[in-house]
Amino acid sequence: MTVAAPLPEWERLRVLRAEHEFASVRKETRVAYLLWGLTGLIGGHRFYLGDTWRSVAMLFTLGGLGVWTLADVFFVGRRVRAVNRQRRAMIMARYGILDNGC
């Protein structure tokens, strides 16, 4: 079993800066479900997650007459995880950090 050497200070600071940037853009599942509950028919949760075209479609069709809104209760959590994974990957790539997907 090998023990990894500690990161040099400049590398540690770069990782911390990337983590801080991700924390500032990270989406919360609770907030998405709260928005789904309060503004589901007009796509508020989709706006929050950055799905602009879908949210505009929900806005003008009242959530696909409620069908999309009801279906979204099963997909909101998965969509939050996908958005966060994508944002984290973009930030880590910008800082040149290989991310292990945590």
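**Exercise 1. Contacts along the chain**

What share of the contacts in the protein chain with a separation of 6 or more comes from residues 24 or more positions apart?

Solution. The structure is a predicted model. Step 1: take the contacts in the protein chain with a separation of 6 or more. Step 2: pick out those made by residues 24 or more positions apart; they account for 56%.

**Exercise 2. Confidence**

State the average pLDDT of the protein chain, and find the elements with the lowest and highest mean values.

Solution. Step 1: the average pLDDT of the protein chain is 91, and 94% of the residues score at least 70. Step 2: among the elements, α1 has the lowest mean pLDDT, 92. Helix α2 (residues 29–39) has the highest, 97. Where pLDDT is low, predicted coordinates should not be read in detail.

**Exercise 3. Overall form**

List the secondary structure elements of the protein chain, then decide how its spread relates to that of a compact globule.

Solution. Step 1: the protein chain has five helices and zero strands. Read from the N terminus, the order is α-α-α-α-α. Step 2: its radius of gyration is 18 Å, whereas the globule rule gives 13 Å for 102 residues. The value is well over the rule, so the chain is more spread out than a compact globule. Step 3: along its principal axes, the C-alpha trace spans about 55 × 25 × 20 Å. Step 4: turn to the surface. Buried residues are 29% of the 102 residues. The accessible surface comes to about 7300 Å², and carbon and sulfur atoms hold 67% of it.

**Exercise 4. Nonpolar cores**

Identify the residues of the largest nonpolar core and the helices that supply them.

Solution. Step 1: the largest nonpolar core has six residues, namely A18, F22, I91, M92, Y95 and I97. Step 2: α1 (9–25) and α5 (67–94) each supply at least two residues of this core. Step 3: a separate core of five residues lies apart from it, including L49, V76, V80 and V83. Step 4: look at one member of the largest core, I91. Leaving out residues up to four places away in sequence, I91 touches A18, E21, F22 and V25.

**Exercise 5. I97**

Is I97 buried or exposed, and which residues does it contact?

Solution. Step 1: I97 is found in the segment after α5. Step 2: its relative accessibility is 17%; the cut-off for buried is under 20%, so I97 counts as buried. Step 3: apart from neighbours within four places in sequence, I97 is in contact with R14, V15, A18 and M92. Step 4: for a distance along the chain, take A5. I97 and A5 are 92 residues apart in sequence, and their C-alpha atoms are separated by 17 Å.

**Exercise 6. Residues of helix α4**

Compare the burial of M58, L62 and L65, and note the phi angles of L62 and L65.

Solution. Step 1: M58 is found in helix α4. L62 is also found in this helix, residues 52–65, and L65 lies there too. Step 2: M58, at 2% relative accessibility, counts as buried. L62, at 48%, counts as partly exposed, and L65, at 77%, counts as exposed. Step 3: most residues other than glycine have a negative phi. L62 is not a glycine, yet has a positive phi of about 50°. L65, also a residue other than glycine, has a positive phi near 60°. Step 4: leaving aside neighbours within four places in sequence, M58 contacts G40, L41, I42, G43, H45, R46, G63, W68, T69 and D72. The C-alpha atoms of M58 and V31 are separated by 18 Å, with their positions 27 residues apart along the chain.

**Exercise 7. Annotated regions**

Use the UniProt record to locate the annotated spans, then describe their helix content.

Solution. Step 1: an unreviewed UniProt entry places the feature "transmembrane region" at residues 31–49 and 55–77. Step 2: residues 31–49 are 79% helix and 0% strand, with end C-alpha atoms 10 Å apart. Step 3: residues 55–77 are 96% helix and 0% strand, with end C-alpha atoms 16 Å apart. Step 4: the unreviewed entry also lists "domain: TM2" at residues 27–74. Over that span the chain is 81% helix and 0% strand, and the end C-alpha atoms are 17 Å apart.

Conventions. Residues are numbered from 1 along each chain as its sequence is written. This is a predicted model: local features need pLDDT of at least 70, side-chain atom pairs count only at pLDDT 80 or more; totals for chains, interfaces and linings use all residues. Side-chain values use heavy atoms; hydrogens and water are left out. A nonpolar core is a set of buried Ala, Val, Leu, Ile, Met, Phe, Trp, Tyr and Cys residues joined through side-chain atoms within 4.5 Å. Buried means under 20% relative accessible area, exposed over 50%, partly exposed in between (1.4 Å probe, protein chains only). Helices (H or I, at least four residues) and strands (E, at least two) are DSSP runs, numbered from the N terminus. Contact means heavy atoms within 4.5 Å. UniProt positions are given in the numbering used here, feature names are shortened, and annotations may be inferred rather than shown by experiment. The radius of gyration is taken over C-alpha atoms; the globule rule is 2.2 Å times the number of residues to the power 0.38. Accessible areas come from the Shrake-Rupley method with a 1.4 Å probe; for residues, only the protein chains shown count as cover. pLDDT is the predictor's confidence in each residue, from 0 to 100.
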